[in-house]
Amino acid sequence: MPASERYDAIVVGAGLSGLYQLYRLRELGLRTRVIEAADGVGGTWYWNRYPGARCDVQSMSYSYSFSPDLEREWTWTEKYPTQPEILRYINHVAARFDLWPDITFGTRVISTHYDDATGRWTVRTDTAGEFSAQFLIMATGCLSAPKLPEIPGLERYGGRTHQTANWGNDEVRFDGLRVGVIGTGSSGIQSIPIIADQAADLAVFQRTPNFSMPAGNRPLSADEVADMKANYRDWRALQRTSRAGIPGPESMEFAVAAAPEERTAKFQAAWDRGELTALIGTYIDILIDPVANEAAAEFVRDKIRATVHDPEVAETLCPRTFPVGTKRMCLDSGYYQTYNRPNVHLVDLRKTPLVEFTTTGIRTTQTEYELDAIVFATGFDAMTGALTAINVQGRNGLDLASQWSGGPRNYLGLAMAGFPNLFTITGPLSPSVLSNMVVSIEQHVDFIADCIVYMGEHGYDVIEATQNAQDDWVQHVADVGSFTLFPKAESWYTGANVPGKPRVFMPYIGGVGEFRLKCDAVAAIWYEGFTMTRADQTVIA
Ligand code: N01
C-alpha cells in the first residue's frame, strides 16, 4: 500500500450517515473511501447488540428515504425494529448499492491534519496507514464513544462484564447467574426486563430514575405496511418538515390553561400511542413551563405507582430531579413490571452510592453485592466524544479538542471555522439527537453533497465556515435552548454525565423542519456564512 492513498473524500464511519454519504459522493463521481473501526457496517446498530435493543422511532420512519426502490423492496416486521433487523437492513443497503468495496473495515482513525499548502487532509489510521483527501467527512455518530462508570477497582473484579454499547457478537445468556446492571437510561431500561427473565437474581443499580413509557410494540400488519408504502412520498415530506422527523399531532394548546380532567385524557391518549414524542407533544408548554411539565411528570409517576406493587420501590423509580422530556424519554416493554418479580432488586444509589468493585462484586456504602456478571449501561461521551477522541488539527495546527474545550463551536452543526473542507454529519449544535436520526442524516448528507457540487461548478476547492457565522450560530443554539427547560437537566445533552465536560446544551432544538429551511436559505444565498476559495489546481487530485 502506498504511504498515503489519495482520495477526493474520506468519510469516517460506516453507519447510516457514512453509508449514505458514500452513496451520494460516489454518485457525483468523487473517489471516496470510508474508514470504519468495526468489522461491519451499521455504526450504533453494529455495536449496541445488547438484549432488547430496539430503535425508539418506528421502523417505517427510521429508514432511508433516498431510494423509492429500496423503500418498496424492504419490509419491516414490527412497529419498533430490533437491533438485528436494523442491522440486516443496513447490510442490505450496503449490498444493494454495492458500497462494500469502498469501505476499509477494522480500522480506526487516530489523527488527521489539514495541510494549508496543499489544501488536503491527511488521515492517519491504526492499521491501514495514511490516507489523503480534499474533503474529510466525519460520520462518527452522536452516541459512539461509550463510557464506563468512574468507580475504582474494576480491574480486580473477577466475574463477567458486559457493556451495552460494546456488546460483542456472541450470544450472551445470564441463566442462573447473579447479575448487576448499572444504569437506567434507554439501554438499561430495554435490557433489564430480558436479563431479569434469565438471571437467578438481578440487582439494578439506579442513580437517576428515568421517565419511560410503554412502547406498545407489535408486529406490523400487511395492510399497514402496504398503506405506508403507497403513501411513502407524502410521509417523507411530512417527516422533513416536522419538529423531530416524527410526524404527529402538533398541539398549539397550553397545558396550564386546560382543565385537569381534559389534561389527563390527553396524556392518557399520548401514553396509549406509545411514541417517543407523544407525551411532550400534548401541549405546547410542556417543555417550556415548569408547571405544565410537572403535570405531565406526575401523570407518568402515577403510572409507575399503579404498576409497581411495592410503594417504596415505586417511589424510588419516580424521577424527580429533572423535567420530563428534558432527558430523552425511554420507550419500554415491561420495564416497571420487572420490579414486581421476586428475583429483581432495585438499589438506590442516591441513598447508598457505589464505592468500589470488589473481586466478587460491587460494594455500596451499605452493602456488598456478590455478582457473577455486571452489565454496564452507563452511556456515552455524547455528541462530541467521538470527534474529540481523534486528534484533529485544522489550519495552522488548530486543535479541535482545544477549540471545543468550552463546548462545541461550529456552524449549523456541519462545519468549523479553521477546519476547511471538514464536515460533520449531525454534529453537535444541529437537531441530531432531538430528531429521527435518519431524517437529519439525510438532510446533512444532502447539504454536504450539494455544497461539493456547487464548489465544483464554480471552480472552488476550499470551503470554510466564517468565524462570525460560527459565533452567531453557537449563540442562536444557546438562545433557543435557554428558552426551554432542557438546560435544567443533568443529561448527556448538556455533557453533565462526563466528569469535567463543559456544560453546554448541545443539540439544536429549533426543529428539523426549521433547521432545514435555515440550511436551504444558506445554500440559496451562495452558502452564506462560508468562504469559498480556489487552491493551487496542481495540488488538487
Ligand atoms: O445512556 P444514558 P444509554 N454510577 O446516558 C448511569 C440512545 N439510545 O445508553 O443518569 C451509577 O441515558 C446514568 O445515571 P445518571 C438514546 O438517545 C436509544 O441508556 O448519570 N450510574 C444513567 O442511568 C439514549 O438517551 C435507544 O445518574 C451511572 C445510565 O448510566 C442514549 O442512547 C436505546 C454511572 C446511562 O444512561 C443513551 O442511552 C438505547 C455511575 N458512575 C440508547 N455512570 C433506543 O433507540 C452512568 N450511570 C431505544
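A polar contact is here a pair of N or O atoms within 3.5 Å, and that cut-off is worth keeping at hand while touring this predicted model.

**The ligand**

Select the ligand and begin with Asp56, where a polar backbone atom is 3.0 Å from an oxygen atom of the ligand, within the cut-off just given. The protein covers 90% of the 910 Å² of accessible area that the ligand has on its own. Moving on to Arg207, look at the side chain, of which a polar atom lies 2.8 Å from a ligand oxygen. At Ala377 return to the backbone, where a polar atom is 3.2 Å from an oxygen atom of the ligand.

Next, show the whole shell, which consists of 27 residues around the ligand, with Ser187, Gln190, Arg207, Thr208 and Arg328 being the closest. Colouring this shell by class will bring up 11 nonpolar residues, nine polar ones and seven charged ones. If you then colour by secondary-structure element, helix α5, which spans residues 186–198, stands out as the element that gives the most to the shell, with three residues.

**The five-stranded sheet**

Now hide the ligand and select strands β7, β16, β8, β9 and β12, which in that order form an open sheet with parallel pairing. At its edges are β7 (160–163) and β12 (344–348), each of which pairs on one side only. Looking across the strands, you can follow a twist that averages 20° from one strand to the next.

Within this sheet, zoom in on strand β9 (residues 201–206), which runs parallel to β12 and is joined to it by five bridges. To see one pair of bridge partners, select Val204 together with Leu346 in β12. Bring helix α5 back into view at this point, since α5 packs on the sheet and touches β8 (178–182), β9, β12 and β16 (373–376). The direction of α5 makes about 155° with that of β9.

**The three-stranded sheet**

For the last stop, select β13, β14 and β15, which form an open sheet in that order, with antiparallel pairing. Its edge strands are β13 (354–357) and β15 (368–370), each pairing on one side only. With direction ignored, neighbouring strands of this sheet are turned against each other by 20° on average.

Finish at strand β14 (residues 361–364), which runs antiparallel to β15 and is joined to that strand by three bridges. Selecting Gly361 and Glu370 shows a pair of bridge partners, with Glu370 being the residue that lies in β15.

Note on methods: Residues numbered from 1 in each chain as written. Predicted model: local features only at pLDDT ≥ 70, side-chain atom pairs only at ≥ 80, totals over all residues. Heavy atoms only, no water. Near = heavy atom within 4 Å. Polar contact = N/O pair within 3.5 Å; in protein donor to acceptor, adjacent residues only side chain to side chain. Areas by Shrake-Rupley, 256 points an atom, 1.4 Å probe, with all protein chains shown as cover. Helix = DSSP H or I, 4+ residues; strand = E, 2+ residues; numbered from the N terminus. Nonpolar A, V, L, I, M, F, W, Y, C, P; charged D, E, K, R; others polar. Pairing = 2+ DSSP bridges. Axes fitted to C-alpha atoms, helices over the stretch in contact; angles between N-to-C directions. Contact = heavy atoms within 4.5 Å.
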